[in-house]
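These notebook entries record what I looked up in the structure. I took two helix pairs and then a single residue.

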Amino acid sequence: MAEKRLGVIMNGVTGRMGTNQHLVRSVLEINKEGGVVLKDGTRVVLDPILVGRNADKVSRLAKAHGVERWTTDLDAALADKKDELFFDAASTQLRAALVKKAITAGKHIYVEKPTADTLEDAQEIYRLAKKAGIKHGVVQDKLYLPGLLKLKMLRQAGFFGRILSCRIDFGYWVFEGDLQPIQRPSWNYRKADGGGIVLDMMPHWRYVVDNVFGNMTGLFCMPVNHIEKRWDEQGQPYKADCDDAAYAILQLEGGAVAQINFDWNVRVRRDDLVTFKIDGTHGSAVAGLVDCWTQERVNTPRPVWNPDTSVATDYFKDWQKMPTVLPPQNAFRIEWEMFIRHLYDGAPFPHGLLEGAKGLQTVELAFKSWAEKRWVEVPKLED
């Protein structure tokens, strides 16, 4: 069977997600299983070169996973004609400038989100990529979580009837760093370093809402800085000066209402670290990362409000768990394989840089709504 080599410049993968999800569980796992099979049977094998600013970190990462190529010289990597794809999972603040350089070098683009730190920059890199005629994509991994795939299938099957409302509840307690070590990097809580939960998570919610619930047409969002003092990786106190929680209400096409609570200061008492719920006239469903539970109209119990007595009602038992037909696959790897088939076979890939720009549009509208204390419309972004 014929093989093709795809040289991939992997920038900024020394971080937790870049290492685990993109390098180990996607790129290296694809190679371990023989590459991505194209329509004609050819297999695409990935040849990564790891790029990072810290030589010690990037060299250790390469050695630990048997990756032969690494460098601290991104310009030299971009100049190498043998490597056709640029991937970036580094700092959001640097991403747009790096993508511009990669486009100028003639590379195809596949990047993490947010694709920039402003809508203007996100739209600019989309237009540059379109003008250059290169293939481009943005990671929108949550769409390929087993739980969300089940929820989307229910909607496509008409299970909900008319959708009335949707909810996303996300978050967990991120330790401040004084009593227990932090489990998120300290830059997440400093505005000057590109921190803040709205910039970090709102791009996720935009593509989830548009693709699973229905297109977003308006919103109001309240960002909050709940905890203003935290301790960094060296145990030093610092001022946490950006939003660490946010509460949003959205209008969707067709009239449905969506609510999103996303919070790094919440203790979990739900089925998963994130749950997605849809209520409709004919049925309801709630999904976590993997599982999904449903309740149909004809099976809906009749709760009776009586605050004067304690009723031992198990509201969970009346929900039916959907079966898992196929073994769950890593969501990041699914999208990597989709993008590679897009590169070689022209297969559909709906997550281009314009979709990434929609995430930044939602971030800016969220802050605008709170600054002006009003509801804002979500206009369609021009192609």
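Which residues in α6 meet which residues in α7? I worked from a predicted model. On the α6 side I listed L148, L151, K152 and R155, and these meet V208, N211, V212 and F213 in α7. I then sorted the residues of this contact by class and obtained 5 nonpolar, 1 polar and 2 charged.

I next looked up the geometry of the pair. Two packed helices are described by the angle between their axes and the distance between the axes. For helix α6 (residues 146–156) and helix α7 (residues 197–213), I noted that the axes come within 9 Å and cross at roughly 35°.

Second pair. I found helix α5 (residues 119–132) packed with helix α9 (residues 353–371), the axes being 8 Å apart and the angle about 170°. Angles over 145 degrees count as roughly antiparallel, so I entered α5 as roughly antiparallel to α9. The residues of their contact divide into 9 nonpolar, 2 polar and 1 charged. From α5 I recorded L119, A122, Q123, I125, Y126 and A129. Their counterparts in α9 are L353, L354, A357, L360, Q361 and E364.

Single residue. Is R333 buried or exposed? I located R333 in helix α8, which spans residues 331–345. Its relative accessible area is 13%, and since buried means under 20%, I entered R333 as buried. Leaving aside residues up to four places away in sequence, I noted that R333 touches R25, S26, E29, I30 and E33.

Terms used. Residues numbered from 1 in each chain as written. Predicted model: local features only at pLDDT ≥ 70, side-chain atom pairs only at ≥ 80, totals over all residues. Heavy atoms only, no water. Helix = DSSP H or I, 4+ residues; strand = E, 2+ residues; numbered from the N terminus. Buried < 20%, exposed > 50% of the residue type's maximum accessible area, 1.4 Å probe, protein only. Contact = heavy atoms within 4.5 Å. Axes fitted to C-alpha atoms, helices over the stretch in contact; angles between N-to-C directions. Nonpolar A, V, L, I, M, F, W, Y, C, P; charged D, E, K, R; others polar. Parallel < 35°, antiparallel > 145°, perpendicular 65-115°, else oblique.
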